Amino acid sequence: PAPTAAAVAPVAGVKPVIEKVELENPYGLEALWKQGDWVAKSTLIIMIIMSLASWYIIFTKLFEQNKLLKAADSALKNFWTAGSVKGGVDKLENGSAFRYIAEQGLKASDHHEGGAMQQAIDRHTWIGMGIQRAVESVQNRMQDGLAILATVGSTAPFVGLFGTVW
């Protein structure tokens, strides 16, 4: 026998009870860790290490860039308004890249006197070479960590893909 319309129709004023059942996410990190084998777990650990290293370098470089920009503003205000190069160096912050470069220029100037090799090169070229070496040293220091970022950036998609396929 077919049910009647009265039996199927909802009763007025009564709301149906809907039960909510929480299902575990079979695609989440918790499921991966609980159900994964050593390959899946080690892939996840490698990805976490790569991520932490990248964020550390990113924030370190951001801090270094801000510090360098502040030192550049200070150098523009203080160094070029000094009466002499030595006075300008004294006005620069201790430990700043600009002070290091200026000190290397002064050192090259002082070191030019004496010695046959130094006299074969004119004073301006000698000082320019000293300053160039100092600038290159600062540039190399500013590039620390970029190789790690490049390595992570080029390998992370493949490690992630491997983990997904596994």
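Select Lys41 and Trp33 to begin: in this predicted model, the side chain of Lys41 comes to 3.5 Å from the backbone oxygen of Trp33. Now show what else Lys41 touches. Once its neighbours within four places in sequence are set aside, Lys41 is in contact with Trp33 and Gly36. Lys41 sits in helix H3. Is Lys41 buried or exposed? It falls in between: Lys41 is partly exposed, because its relative accessible area is 26% and the in-between class covers values that are neither under 20% nor over 50%.

Next, add Gly163 to the selection. Along the sequence, Lys41 and Gly163 are 122 residues apart, yet their C-alpha atoms are 9.0 Å apart in space.

**Thr43, on the same helix**

Stay on helix H3 and pick Thr43. Which residues does Thr43 touch, leaving aside its neighbours within four places in sequence? They are Val159, Phe162 and Gly163. Thr43 has a relative accessibility of 8%, so it counts as buried.

**H3 against H8**

Now widen the view to two whole helices. Select residues 146–165, which form helix H8, along with H3: the two pack at an angle of about 155 degrees, and their axes are 10 Å apart. H3 is therefore roughly antiparallel to H8, since angles over 145 degrees count that way. The crossing of H3 and H8 is left-handed.

To see the contact itself, colour the residues that make it. On H3, choose Val39, Thr43, Ile46, Met47, Met50, Ser54, Ile57 and Ile58. On H8, choose Ile148, Leu149, Val152, Thr155, Ala156, Val159, Gly160, Phe162 and Gly163. Sorted by class, this contact of H3 with H8 holds 12 nonpolar and 5 polar residues, with no charged ones.

**Lys61, further along H3**

Follow H3, which spans residues 38–78, until you reach Lys61. Lys61 is buried, because its relative accessible area is 12%. What does the side chain of Lys61 reach at 2.8 Å? One answer is the backbone oxygen of Asp144. The backbone oxygen of Met142 also lies 2.8 Å from a polar atom of the Lys61 side chain. Show Arg141 and Gln143 as well: apart from neighbours within four places in sequence, the contacts of Lys61 are Arg141, Met142, Gln143 and Asp144.

**H5 against H7**

From Met142, step back into helix H7, residues 123–142, and select helix H5, residues 97–111, beside it. Their axes are 8 Å apart, and the helices pack at an angle of about 150 degrees. H5 and H7 are therefore roughly antiparallel to each other. Which way do they cross? The crossing of H5 and H7 is right-handed.

Colour this contact too. H5 contributes Ala97, Tyr100, Ile101, Gln104, Gly105, Ala108, Ser109 and His111. H7 contributes Arg123, Trp126, Ile127, Gly130, Ile131, Ala134, Val135, Ser137 and Val138. By class, the contact of H5 with H7 has 10 nonpolar residues, 6 polar and 1 charged.

**The whole chain**

Finally, zoom out and show the protein chain as a cartoon. How many helices and strands are there? You will find 8 helices and 0 strands, in the order α-α-α-α-α-α-α-α along the sequence. Colour by accessibility, and 23% of the chain's 166 residues count as buried. As for contacts in the chain with a separation of 6 or more, 48% of them join residues 24 or more positions apart.

Key: Residues numbered from 1 in each chain as written. Predicted model: local features only at pLDDT ≥ 70, side-chain atom pairs only at ≥ 80, totals over all residues. Heavy atoms only, no water. Axes fitted to C-alpha atoms, helices over the stretch in contact; angles between N-to-C directions. Helix = DSSP H or I, 4+ residues; strand = E, 2+ residues; numbered from the N terminus. Parallel < 35°, antiparallel > 145°, perpendicular 65-115°, else oblique. Left-handed = near helix turned anticlockwise from the far one by under 90°. Contact = heavy atoms within 4.5 Å. Nonpolar A, V, L, I, M, F, W, Y, C, P; charged D, E, K, R; others polar. Buried < 20%, exposed > 50% of the residue type's maximum accessible area, 1.4 Å probe, protein only. Polar contact = N/O pair within 3.5 Å; in protein donor to acceptor, adjacent residues only side chain to side chain.
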